[in-house]
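Please give me a guided tour of this structure, as a list of things to select in the viewer and what is to be found at each stop.

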Amino acid sequence: MTSEQLKHRTKQYSLAIISLVEKLPNTIATRIISNQLIKSGTSVGANYRAVCRARSNKEFIAKLTIVTEEADETLFWLEIILEKKWLDKATVQEVWNEGNELTAIFVSSLKTIKSSSG
């Protein structure tokens with residue numbers, strides 16, 4: 001997968017997160033979780049763009065680490081939504097799967113760059 005394809009994919013993920021949040025019930029708790037979920041979920045795409053502009057391996061690793069952390073945090077908030085039963089599993093599943101796949105891609109990329117840079 002090219003960096004351009006991954007930029008597109010992470011942007012689509014951001015849009016899917018926003019759409020999912022719009023389906024949540026409007027309560028005090030869900031508004032707080034929604035805010036956290038939108039911040040972390042959209043941060044994946046925004047920070048991945050910064051990864052693509054990294055000027056060194058060290059900067060690439062630092063920025064990709066942030067992307068990985070944000071992707072994992074997004075999965076955490078999705079777990080909370082499921083466990084609280086604010087949305088059914090079918091509604092969350094596609095976003096959950098994409099988040100898992102993106103996280104795996106970022107973790108794999110980090111391992112590769114770290115092993116090649118010694």
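The tour below goes through a predicted model, taking helix pairs and single residues in turn.

**Stop 1: helices α1 and α3**

Select residues 3-21 for helix α1 and residues 57-83 for helix α3. Two packed helices are described by the angle between their axes and the distance between the axes. For α1 and α3 the angle is about 25° and the axes are 13 Å apart. Angles under 35 degrees count as roughly parallel, so α1 is roughly parallel to α3. The crossing of α1 past α3 is left-handed.

Now show side chains at the contact. On α1, pick Y13, I17 and L20; on α3, pick T74, L78 and I81. By class, five residues of this contact are nonpolar, one is polar and none is charged.

**Stop 2: L78**

Keep L78 of helix α3 selected. Is L78 buried or exposed? Its relative accessible area is 0%, so L78 is buried. Display what surrounds L78: beyond four places in sequence, it touches Y13, L20, L37, V92, V95 and W96. For a distance label, use the C-alpha atoms of L78 and G99, which are separated by 9.5 Å and lie 21 residues apart along the chain.

**Stop 3: L75**

Move to L75, also placed in helix α3. L75 has a relative accessible area of 4% and is therefore buried. Setting aside residues up to four places away in sequence, the contacts of L75 are W96, G99, N100 and T103. A label between the C-alpha atoms of L75 and A104 should read 12 Å; these two residues are 29 apart along the chain.

**Stop 4: F76 and W77**

Select F76 and W77 and show their rings. A pair of aromatic rings is described by the distance of the centres and the angle of the planes. Here the centres are 4.9 Å apart and the planes stand at 70°. The cut-off for edge-to-face is an angle over 60 degrees, and the pair of F76 and W77 is edge-to-face. The structure holds two aromatic pairs, and F76 with W77 is one of them.

Colour by accessibility and compare the two residues. F76 is partly exposed, at a relative accessible area of 42%, whereas W77 is buried, at 14%.

**Stop 5: helices α2 and α3, with S40**

Add residues 28-52, which make up helix α2. How do α2 and α3 run, roughly parallel or roughly antiparallel? Their axes come within 8 Å and cross at roughly 155°. With over 145 degrees as the cut-off, α2 and α3 are therefore roughly antiparallel to each other. This crossing is left-handed. The contact of α2 with α3 is made up of 15 nonpolar, six polar and four charged residues.

Within α2, zoom in on S40. S40 is buried, with a relative accessible area of 1%. Apart from residues up to four places away in sequence, S40 touches E70, E73, T74 and W77. W77 is the buried member of the ring pair at the previous stop.

**Stop 6: I38**

Stay in helix α2 and pick I38. Its relative accessibility is 29%, so I38 counts as partly exposed. Neighbours within four places in sequence aside, I38 is in contact with I17, I18, V21 and S43. For a long label, join the C-alpha atoms of I38 and K111: they are separated by 27 Å, with the two positions 73 residues apart along the chain counted as their spacing.

**Stop 7: helices α3 and α4, with K85**

Select α4, residues 89-116, together with α3. The two axes come within 9 Å and cross at roughly 155°. That makes α3 roughly antiparallel to α4. α3 passes α4 in a left-handed crossing. Sorted by class, the contact of α3 with α4 has 16 nonpolar, seven polar and four charged residues.

End in the loop between α3 and α4, at K85. Most residues other than glycine have a negative phi. K85 is not a glycine, yet its phi is positive, at about 60°. K85 is exposed, with a relative accessible area of 70%.

Methods:
Residues numbered from 1 in each chain as written. Predicted model: local features only at pLDDT ≥ 70, side-chain atom pairs only at ≥ 80, totals over all residues. Heavy atoms only, no water. Axes fitted to C-alpha atoms, helices over the stretch in contact; angles between N-to-C directions. Helix = DSSP H or I, 4+ residues; strand = E, 2+ residues; numbered from the N terminus. Parallel < 35°, antiparallel > 145°, perpendicular 65-115°, else oblique. Left-handed = near helix turned anticlockwise from the far one by under 90°. Contact = heavy atoms within 4.5 Å. Nonpolar A, V, L, I, M, F, W, Y, C, P; charged D, E, K, R; others polar. Phe/Tyr/Trp six-rings, centres within 6.5 Å; stacked < 30°, edge-to-face > 60°. Buried < 20%, exposed > 50% of the residue type's maximum accessible area, 1.4 Å probe, protein only.
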